[in-house]
Amino acid sequence: MSNAPVKKVPIHLQSSQNRLLIKNGQVVNYDGMEDADVYIEDGIIKQVGRNLIIPGGTRIIDATRKLVMPGGIDPHTHFELEMMGAKAADDFYKGTRAAVAGGTTTVLDFVLPEKGQSLVEAYNNWREKADNKVCCDYGLHVGVTWWSPSVKKEMQQLVAEHGINSFKMFMAYKDTWMLNDYDLCQAFETCAELKALPQVHAENGHIIARNTEKLLAAGVTTPEGHELSRDEEVEAEAVNRACVIANQMNSPLYIVHMMSKSAVDALRLARSKQKQPIFGETLAATVGTDGSHYKNACFRHAAAHVLSPPLRSDPYTPEAIIEALAVDDLQLIGSDNCTFNEKDKERGKDDFSKIPNGVNGVEDRMAVLWQKAVNSGLMDPCRFVAVTSTNAARIFNLWPAKGRVAVGSDADVVVWDPQLERTISAATHHHALNFNIFEGTHVVGSPQYVIVNGRVCLDDGELRVAEGLGKFLPTPANSPYVYGGKAPSTPQSTTLHYAPDSSPARVTNGTPTELDLVNKQLDGLSVSGCSTPTGRKMREPGQRNLQNSTFSISKEVEGLDTKTSVRVRNPPGGKSSGLW
């Protein structure tokens, strides 16, 4: 008999292995909302509906007046990244712990090889760093930071043997990670051959380098110089150039962390005429704060907001980016979480170009977007689910295991309380640093429970995570939503119908055949039935800006328990207004 010590499992993890029923909530997916209970067993959603028959010993979570949504998927994190002589403060444990606290149950991090380093070697290094630390599931993108025939061979190996379906190229960071246009052509072509998705950091690195030299020579050394060196035009030019290269190489494209109105305008134009799909991602930082902080007299404060592309000083940028997310000009919101301690940021005390680039966001991504987009009336809950979870699952081929509350999907579920009020602060967040770029932001709406693979990890506000319980997610190539040919048709508009008999209203050619009672409690939500319509009620000429109103979904949800069923039905057919 072995004398090896028996590994004790914490009590809360033993209980979390039991069956779980989320009762009396309103299930929100990207394509509709309905009153339904959710039964979970063995880490999988087993039943969704009403009057479920469940075994004894099942824990019940009462989700009355709550929304039951798929766990968030953050498509852009940098945990333990080493750059500019510093190392990110959030490692894979602290970073994923913070993610779970905010309702994100899957993260996609970036392997970034040094120039000349084997891509497979770098991938193995990232797996070693992450596997025993992650608190939730994670996948990996791999950076292509240099080019040679051996890089192409290793890209083939990563796709075939290691479950990688996306590769990131940089158009910025001259002399470190940046590729020239010819190398970009070869990398994009290789991705297309492998049915993988090329990603780009779109900024003109040569212009940035020259502008930086001129600013420093003129005595501009403060963090404000960071934004001055790379204005909107520098981002928009690179977005346009990346789209042209992708089109010429007959390749799809994913543009990370889009930060400006000009860049979105360039993307919108390219998407209207591109042969292959293009996807645009923005950040929580873009919608939750702005570039005015770069002028702050306190270096610590200003430097803490430095990331690339930079936050924009234009005060209308956040709302414009939210509008772009709502109408499908942008498809995803990530965090680009890459935190650095104060001492590391101080490397650029006398030279803004030496400030390590990165901010927090993985924990507050969902609450910030909810506050800025849903509570303002610019976005409905279905579109919120699309841009924070579902679209990432579809693009990176994790769907439908991830990104959906449905039978057979992984039990990554968030019970969202739209009336929960809190103020974001470094004093209460779960990051490994004492600064938060959203400090003082008051949000109404946050997760009350977060279930990760069937385990209750945020339990009525109490965080209970365990290091190493997450798993690596292979992302197979040839994603149907990237390489699936013509996108499935999606209607241009949707109509919300209340079905008093708990059955969906029948719809023919977009016209209800039964008397439809419009749910007045949800009138302000204009719930979309798919991920591509506007997902919000359009403002009429002269109507007040809901961004400045007191509208809150929490007021709307209060009446939901009086309805037996609320369903979103799409008129069949109709011209596609987006990629899906």
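**Figure 1. An open, mixed sheet of seven strands in the predicted model.** The strands of this open sheet follow the order β3-β2-β7-β18-β19-β20-β21, and their pairing is mixed. β3 (32-35) and β21 (462-463) are the edge strands, each pairing on one side only.

**Figure 2. Close-up of the parallel pair β2 and β7.** Strand β2 covers residues 26-29 and strand β7 covers residues 67-70. The two strands run parallel and are joined by two bridges. Gln26 has Leu67 as its bridge partner in β7. In the order of the seven-stranded sheet, β2 stands between β3 and β7, and β7 is followed by β18.

**Figure 3. Surroundings of Lys168 in strand β13.** Strand β13 spans residues 166-170 and includes Lys168. An unreviewed UniProt entry places the feature "modified residue: N6-carboxylysine" at Lys168. The relative accessible area of Lys168 is 2%, and the residue counts as buried because this value is under the 20% cut-off. Leaving aside residues up to four places away in sequence, Lys168 touches three histidines, His76, His78 and His201. Its other contacts under that condition are Phe110, Val142, Gly143, Val144, Gln199 and Val256.

**Figure 4. Surroundings of Ala242 in helix α8.** Helix α8 runs over residues 232-248 and contains Ala242. Ala242 has a relative accessibility of 0% and is therefore classed as buried, the cut-off being under 20%. When residues up to four places away in sequence are not counted, Ala242 touches Met171, Phe188, Val200 and Leu253. Leu267 lies 25 residues from Ala242 in sequence, and the C-alpha to C-alpha distance between Ala242 and Leu267 is 9.7 Å.

**Figure 5. The largest pocket and the residues nearest its centre.** The space in the largest pocket comes to about 830 Å³. Its lining is made up of 32 residues. Met83, Met84, Tyr173, Thr176 and Trp177 are the lining residues that lie nearest the centre of the pocket.

**Figure 6. Composition of the lining of the largest pocket.** By residue class, the lining holds 13 nonpolar, nine polar and ten charged residues. At least two lining residues come from each of the elements β9 (82-83), α3 (119-130) and α6 (205-217). Helix α6 gives the most to the lining, supplying five residues.

Definitions and conventions:
Residues numbered from 1 in each chain as written. Predicted model: local features only at pLDDT ≥ 70, side-chain atom pairs only at ≥ 80, totals over all residues. Heavy atoms only, no water. UniProt positions renumbered as here; feature names shortened; annotations may be inferred. Helix = DSSP H or I, 4+ residues; strand = E, 2+ residues; numbered from the N terminus. Buried < 20%, exposed > 50% of the residue type's maximum accessible area, 1.4 Å probe, protein only. Contact = heavy atoms within 4.5 Å. 1 Å grid on protein atoms, 1.4 Å probe; cavity = no way out; pocket = protein on both sides within 12 Å on 5 of 7 lines; lining within 4 Å. Points joined across faces, edges and corners; volume = space filled by probe spheres on them. Nonpolar A, V, L, I, M, F, W, Y, C, P; charged D, E, K, R; others polar. Pairing = 2+ DSSP bridges.
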